[in-house]
Amino acid sequence: MKRRDLIQGLGLGAAAAATAACSRQAVETGTSDRSQRFQWKLITTWPPNFPGLGTGAVEFARRVEACSGGRLSIRVFGDGEFVPAFEVFDAVAKGTAEMGHGASYYWKGKIAAAPFFCAVPFGLTAQEMNAWLYHGGGVELWQEAYAPFGLLPMPCGNSGCQMGGWFRHEIHSVADLQGLKMRMPGLGGEVLARAGGTPVTLPGSEIFTALQTGAIDATEWVGPYNDLAFGLYKAAKFYYYPGWHEPGSTLEMIVNRQAFDSLPEDLQEIVRTSAAAINDRMLAEFTARNAEALQTLVSQHGVELRPYPADVLARLQELSLAVLEETAGRDALFARVLESLRAFRRRMDPYLAVAERAMLNTRAG
Ligand code: CA
């Protein structure tokens with residue numbers, strides 16, 4: 001095949017023509033900012049190209065580049081390729097990279113209220129999170145929380161309800177949590193500590209080895225899709241549910257405010273719209289792939305599924321309320337976000353009880 005045919009076959013000819021048309025239009029209309037090109041770095045807290053999370057960031061970059069006719073091109077970096085996972089927030093705040101993709105609860109040491117924008121124990125499901133963030137004042141509170149750091153946050157992905165985690169030994173009662181060393185970030189980790197466990201925060205890339213060598217006794221990561229990809233079933237046999245600590249985790253896109261303000265308005269809108277598109281797409285991907293992966297884990301790898309005992313969940317819920325109340329007592333913004341979330345949930349519950357919840361409970365076959 002001749003090179004020209006190959007290029008046309010790949011649709012590259014059309015893209016080049018579209019870019020040329022955009023440039024021509026910019027010259028004709030005299031809008032000089034339309035001819036300006038931007039090259040950004042997007043750093044992530046995920047292993048490079050990790051299914052769902054990392055690939056979501058890559059897909060975001062692809063859409064922005066395609067929609068902008070190449071005027072904003074974004075190079076994506078995985079954990080450790082530019083900075084380590086837990087340095088993403090600082091690097092984007094400083095402007096070393098223009099954007100970062102990760103989970104807000106990783107930054108709870110800097111902003112007490114940060115976990116609310118990802119997940120809090122026994123909090124909102126994915127559907128409820130989106131309702132609160134987009135239509136219940138959640139995004140506005142999130143922007144307020146990140147503004148002092150020169151960062152603009154946007155929802156950009158959701159894992160759906162996570163799994164309770166992988167355990168080397170069965171959990172029969174609250175006593176089995178005593179001394180349990182478990183990877184669990186965010187407020188879930190604080191709750192675990194109050195239940196007698198020892199929470200550990202590790203980036204995804206370090207989990208498997210820690211579990212396999214016995215450096216930790218248990219871990220949560222995401223759900224079947226991602227947990228299968230890490231091979232966690234090779235290091236622990238018991239897989240608990242539900243993910244009480246993360247009922248519907250929202251992922252974040254953080255943008256350096258100065259960099260964002262330097263973009264023409266249409267590129268700003270492309271960034272916002274692409275983040276919103278990935279927010280939906282990722283949840284759909286997780287829902288579909290989690291279902292397949294759970295089947296694989298159980299039928300091919302002999303994983304033993306276990307529900308958390310009811311009294312363990314009741315105790316964890318009690319401790320979660322205590323953690324939320326106490327933190328609200330120390331931090332004014334945390335208290336405001338907690339109240340916003342609770343008020344929204346009070347309004348949503350009566351509706352969801354007669355809608356999704358009633359439907360799922362009655363649906364047959
Ligand atoms: Ca998790």
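**View 1. Leu-152 and its partner across the strands.** In this predicted model, Leu-152 has Val-255 of β10 as its bridge partner. That pair belongs to a longer story: β4 and β10 (residues 250-256) run antiparallel and are joined by six bridges.

**View 2. The sheet around β4 and β10.** Zoom out a little, and you find an open sheet of five strands, ordered β2-β1-β3-β10-β4, with mixed pairing. At the edges stand β2 (72-77) and β4 (151-158); each has a single partner strand, so one side of each has no neighbour in the sheet. From one strand to the next, the twist averages 25°.

**View 3. Helices that pack on the sheet.** Here α5 (residues 126-135) lies against the sheet and touches β4 and β10, its direction making about 155° with that of β4. Helix α11 (residues 265-301) packs on the sheet too, touching β1 (38-44), β2, β3 (99-102), β4 and β10. The direction of α11 makes about 30° with that of β4.

**View 4. Where α5 meets α13.** Besides touching the sheet, α5 packs with helix α13 (residues 332-354) at an angle of about 125°, their axes 11 Å apart. The two helices are therefore oblique to each other, and α5 passes α13 in a right-handed crossing.

**View 5. The residues in the α5 and α13 contact.** From α5 come Glu-128, Ala-131, Trp-132 and His-135. On the α13 side, look for Val-337, Ser-340, Leu-341, Phe-344, Met-348, Asp-349 and Leu-352. Sorted by class, this contact of α5 with α13 has seven nonpolar residues, two polar ones and two charged ones.

Conventions:
Residues numbered from 1 in each chain as written. Predicted model: local features only at pLDDT ≥ 70, side-chain atom pairs only at ≥ 80, totals over all residues. Heavy atoms only, no water. Pairing = 2+ DSSP bridges. Helix = DSSP H or I, 4+ residues; strand = E, 2+ residues; numbered from the N terminus. Axes fitted to C-alpha atoms, helices over the stretch in contact; angles between N-to-C directions. Contact = heavy atoms within 4.5 Å. Parallel < 35°, antiparallel > 145°, perpendicular 65-115°, else oblique. Left-handed = near helix turned anticlockwise from the far one by under 90°. Nonpolar A, V, L, I, M, F, W, Y, C, P; charged D, E, K, R; others polar.
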